[in-house]
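Hello,

Here is the structure I said I would pass on. Please look it over first; my notes come after it.

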Amino acid sequence: MKVLVTGPDGVLGSNLVRELLSREYEVSVMLLEGAKSPTLDGLNITRFYGNILNPDTLSEPFKDKDVIIHCAANTSVYPSRNEFVNRVNIEGSQNVIDKVLEYNIKQLIYVGTANSFGYGSMDAPGIEGNPYASEHYGLDYMDSKQKTQELVLKSVKEDGLPAIVVNPTFMIGPYDSTPSSGAMIMAVHNGKVVACPPGGKNFIAVKDAAIGIANAITMGEIGECYIIGNVNMTYKEAFVMIATTIGAKPPKMKFGSFMVKFYGSMSSFFASVFRYTPTLTRQMADVSCDEHYYSPEKARRELALPQTPIEDAVKECYKWFGENGLLDKK
C-alpha cells in the first residue's frame with residue numbers, strides 16, 4: 001500500500017507517519033520546498049516537495065499512490081479574516097481533489113476539523129451531521145475548513161471521489177515542535193495561566209487520532225465523516241489536569257465571559273496598532289467562552305478509535321518537550 005501524506009510535519013502528521021510505517025505501508029510525504037522537518041528525520045519515508053496551491057507540483061508526489069491523506073492546511077487565526085488561509089485551505093484542497101480524480105487514486109482521506117459540525121453541551125455533545133455553528137466567530141480558518149469539507153462531500157456525490165472525512169478535536173501528544181496544541185502545556189509549565197475561561201472543548205491523544213485516521217484506510221465508508229475525539233472537559237478541568245500531571249501550579253481563578261472577551265478585544269486592538277500577533281484575539285476569546293463538546297461515538301464504533309487517557313498524552317508531550325530542549329524556552 002502506497003500512502004502519501006500532505007502536511008506531514010505537524011503534530012498530527014508526525015504521529016500519523018509513524019503509525020503508517022508501523023503497518024508496513026510504503027509512506028511518502030509532501031513538504032513545502034525548503035521546509036525544515038526535524039520530527040520526520042531518520043524515518044524510512046520518501047520526501048517530495050510541492051505546494052497544493054500549484055497543481056503542477058502535485059503530479060510527481062501523487063503519481064502511483066493508493067491513498068492520499070490530506071493534512072496540509074493553514075491554521076492561522078490572526079488576522080481573523082485572511083485571504084491566504086482561504087486560498088490554501090479551499091483552493092489548495094480543490095487542487096488535491098482534482099489530482100486524486102485525475103490519477104484514479106483509490107482513496108482520499110481529508111483531515112478536517114470537528115468544528116465543521118455544530119458543537120453541543122456535556123449532556124448533548126455535537127455529532128456528525130450537526131449544522132455548522134461557528135460562522136458567527138468570524139474566523140476564516142474555521143469557515144474555510146467547513147467549506148472545504150463541503151467541497152469534498154460534493155465531489156463524492158457528483159464526481160465519484162473516493163473520499164472519507166476525518167474531523168479531529170484538540171490533539172495533544174509528542175512531536176509538537178512548533179509547539180501548537182502543546183502551547184497549552186507550555187503555558188502551564190511557565191506559570192503563564194493565571195485564570196481559566198468559562199468554556200471547554202473535546203481533547204484526544206494525538207496518537208489515538210493517528211490510529212483512527214490510519215484505520216479509516218480499511219474501515220471507513222466513502223462519503224462519511226468521523227469525529228476523532230475523546231473526552232469533553234472545561235478549560236478549568238483541563239488546566240488543573242495538565243498542572244497535576246506535569247507537577248505545576250494550577251490556575252486559581254476563573255474569568256467570566258465579559259472579562260475574557262474584554263481582554264481579547266484589548267489584545268486585538270493593541271496588536272493591530274503595534275503590529276504583532278496577540279496570544280488571544282477577540283475571536284478566540286469568543287470561542288473560549290463557549291462549550292465546544294463533541295461525541296466520537298461513531299469513530300469509536302466504525303474506526304475502532306482508541307481512547308487513551310488524556311493525562312497519558314500530556315505526559316508524552318511534556319516528556320518530548322523536555323527531551324528536545326523546549327521546556328527551557330519561555
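The notes below cover the sheet, the helices packed on it, the salt bridges and a nonpolar patch on the surface.

Please keep in mind that this is a predicted model.

**Sheet**

An open sheet is built from 7 strands, ordered β3-β2-β1-β4-β5-β6-β10, with parallel pairing. Its edges are β3 (46-49) and β10 (225-228), each of which pairs on one side only. From one strand to the next, the twist averages 20 degrees.

At the β3 edge, strand β2 (residues 26-31) runs parallel to β3 and is joined to it by 4 bridges. Leu-31 is found opposite Tyr-49 of β3.

At the other edge, β6 and β10 are paired in the parallel sense, over 4 bridges. Here Pro-168 stands opposite Ile-228 in β10. Where do the side chains of β10 point, and are they buried or exposed? Cys-225 and Ile-227 point one way from the strand, Tyr-226 and Ile-228 point the other way, and all are buried.

**Helices on the sheet**

Helix α4 (residues 140-159) lies across β5 (107-111), β6 (163-168) and β10. Its direction is at about 155 degrees to β6. Helix α6 (residues 206-219) also packs on the sheet, where it touches β1 (2-6), β4 (67-70), β5, β6 and β10. The direction of α6 makes about 155 degrees with that of β5.

**Salt bridges**

The whole structure holds 14 salt bridges. Three of them are described here, beginning with the pair Asp-140 and Arg-81, whose side chains meet at 2.7 Å, N to O. Asp-140 belongs to helix α4 and Arg-81 to the loop between β4 and α3 (83-102), so this pair ties together parts 59 residues apart in sequence. Asp-140 counts as buried, at 9% relative accessibility, while Arg-81 is partly exposed, with a relative accessible area of 46%.

Arg-81 also forms a salt bridge with Asp-143, with the closest N and O atoms 3.0 Å apart. Asp-143 is likewise in helix α4, so its bridge to the loop between β4 and α3 ties together parts that are 62 residues apart in sequence. At 6% relative accessibility, Asp-143 counts as buried.

The remaining pair is Lys-207 and Glu-316, with a distance of 2.6 Å between the closest N and O atoms. Lys-207 lies in helix α6 and Glu-316 in helix α11 (residues 310-323), so the contact ties together parts 109 residues apart in sequence. Both ends are partly exposed: Lys-207 has a relative accessible area of 36%, and Glu-316 is at 32% relative accessibility. As for shared partners, Arg-81, Asp-140 and Asp-143 are joined into one network by their salt bridges.

**Nonpolar patch**

Which residues make the nonpolar surface patch of about 1,200 Å²? They are Val-194, Met-253, Phe-255, Phe-258, Met-259, Phe-262, Met-266, Phe-269, Phe-270, Val-273, Phe-274 and Tyr-276. Helix α8 (residues 257-274) supplies the largest share, 8 residues. One of the patch residues in α8 is Met-266. Met-266 is partly exposed, at a relative accessible area of 34%; that value qualifies for the patch because patch residues need over 30% relative accessible area.

Regards

How values were computed
Residues are numbered from 1 along each chain as its sequence is written. This is a predicted model: local features need pLDDT of at least 70, side-chain atom pairs count only at pLDDT 80 or more; totals for chains, interfaces and linings use all residues. Side-chain values use heavy atoms; hydrogens and water are left out. Patches are made of residues with over 30% relative accessible area and no salt bridge: like charges are joined within 9 Å, nonpolar side chains (Val, Leu, Ile, Met, Phe, Trp, Tyr) within 5 Å. Accessible areas come from the Shrake-Rupley method with a 1.4 Å probe; for residues, only the protein chains shown count as cover. A salt bridge is a side-chain nitrogen of Lys or Arg within 4 Å of a carboxyl oxygen of Asp or Glu. Helices (H or I, at least four residues) and strands (E, at least two) are DSSP runs, numbered from the N terminus. Buried means under 20% relative accessible area, exposed over 50%, partly exposed in between (1.4 Å probe, protein chains only). Two strands pair if DSSP finds at least two bridges between them. Axes are lines fitted to C-alpha atoms, for helices over the stretch in contact, and angles run from 0 to 180 degrees between N-to-C directions. Contact means heavy atoms within 4.5 Å.
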